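Subject: Handover of a structure and the findings on it

Dear colleague,

Please find below the structure that I am handing over to you. I should be grateful if you would look through it before reading the notes that come after it.

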Amino acid sequence: MPRIGFLFLTFTILVTAPTLAQKKKRQRAQSIQNVVDAAYTYTGTPYKYGGTSKTGIDCSALMQNSYAQAGYSIPRTAKAQSKFGKKVGWNSIRQGDIVFFKFKGKREKWYHSGMITSVTPDGIYFIHASSSRGVVISDLNADYYKSNIKTIRRVIK
């Protein structure tokens with residue numbers, strides 16, 4: 001009898017384990033989609049340094065607000081966000097990842113962030129709060145962005 005119980009338990013674990021893994025994968029995908037959908041609601045919002053709302057927002061608040069709407073807490077500034085989560089490489093980029101840029105101007109450096117919205121054969125697209133165009137979608141493969149990438153981080157693992 002104990003052997004049959006052990007075999008039944010082993011069988012049950014083997015049968016349900018893939019189901020639990022699949023459920024977790026679906027939940028992760030849904031969380032990522034929620035974050036991206038939240039970011040899209042800001043499309044067209046004007047840029048405002050230090051802004052945190054749909055009347056005016058900066059890049060790091062766009063990331064923070066989008067993740068917060070999906071139940072994730074991340075730091076407020078792009079520089080602090082660039083050290084949060086798991087670092088990923090160019091070949092591992094996926095939807096929901098945050099890409100960070102480091103730009104250099106006359107006597108200053110500044111950080112900028114954007115969220116990957118899609119990875120397709122045509123390009124890698126991200127949403128961000130551009131200081132000149134407000135919240136827009138851009139192609140990460142554009143020379144201007146690609147040459148200034150500092151790091152890419154994954155919040156939802």
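The notes below go through the salt bridges, the cores and some of the secondary-structure elements.

Please bear in mind throughout that this is a predicted model.

**Salt bridges**

The structure contains 2 salt bridges. In one of them, the side chains of D58 and R76 come together with an N to O distance of 3.1 Å. D58 sits in the loop between β2 (56–57) and α2 (59–69), while R76 belongs to the loop between α2 and α3 (78–81), so this pair ties together parts that lie 18 residues apart in sequence. D58 is buried, because its relative accessible area is 6% and the cut-off for buried is under 20%. R76, by contrast, counts as partly exposed, with a relative accessibility of 26%.

The other salt bridge joins R154 to D97, and the closest N and O atoms are 2.8 Å apart. R154 is part of strand β8 (residues 149–154) and D97 lies in the loop between β3 (86–87) and β4 (98–105), so here the parts tied together are 57 residues apart in sequence. Both R154 and D97 are buried.

**The surroundings of D58**

Which residues does D58 touch, not counting those up to four places away in sequence? They are Y47, K48, Y49, G50, G51, A129 and its salt-bridge partner R76. In addition, the C-alpha atoms of D58 and S131 are separated by 7.8 Å, although these two residues are 73 residues apart along the chain.

**Helix α2 and the cores**

Helix α2 follows the loop that holds D58. This helix is mostly covered, with 8 of its 11 residues buried. The buried residues are C59, S60, A61, L62, M63, N65, S66 and Y67. Just after α2, G71 adopts a positive phi of about 90°.

The largest nonpolar core comprises 21 residues, and those with the most contacts inside it are I57, L62, Y67, I98, M115 and V135. Two or more residues of this core come from each of α1 (2–40), α2, β4 and β6. Which element gives the most to this core? It is α2, with 5 residues. As a general point, nonpolar side chains in soluble globular proteins tend to be buried together.

V135 is one of the core residues with the most contacts. Leaving aside neighbours within four places in sequence, V135 is in contact with Y42, T43, G44, T45, I57, L62, I127, H128 and A129. Apart from this core lies another, of 11 residues, among them I93, V99, Y145 and I152.

**Strands β6 and β7**

Strand β6 (residues 123–130) is mostly covered as well, since 7 of its 8 residues are buried. β6 is joined by 6 bridges to strand β7 (residues 134–139), and the two run antiparallel. Within this pairing, I127 has I137 in β7 as its bridge partner. The two strands form a hairpin, with 3 residues between them.

**Points to look at**

When you open the model, you may wish to begin with the salt bridge between D58 and R76, and then turn to the one between R154 and D97. The hairpin of β6 and β7 could follow, and after that the core to which α2 gives the most residues.

With kind regards

How values were computed:
Residues are numbered from 1 along each chain as its sequence is written. This is a predicted model: local features need pLDDT of at least 70, side-chain atom pairs count only at pLDDT 80 or more; totals for chains, interfaces and linings use all residues. Side-chain values use heavy atoms; hydrogens and water are left out. A salt bridge is a side-chain nitrogen of Lys or Arg within 4 Å of a carboxyl oxygen of Asp or Glu. Helices (H or I, at least four residues) and strands (E, at least two) are DSSP runs, numbered from the N terminus. Buried means under 20% relative accessible area, exposed over 50%, partly exposed in between (1.4 Å probe, protein chains only). Two strands pair if DSSP finds at least two bridges between them. A nonpolar core is a set of buried Ala, Val, Leu, Ile, Met, Phe, Trp, Tyr and Cys residues joined through side-chain atoms within 4.5 Å. Contact means heavy atoms within 4.5 Å.
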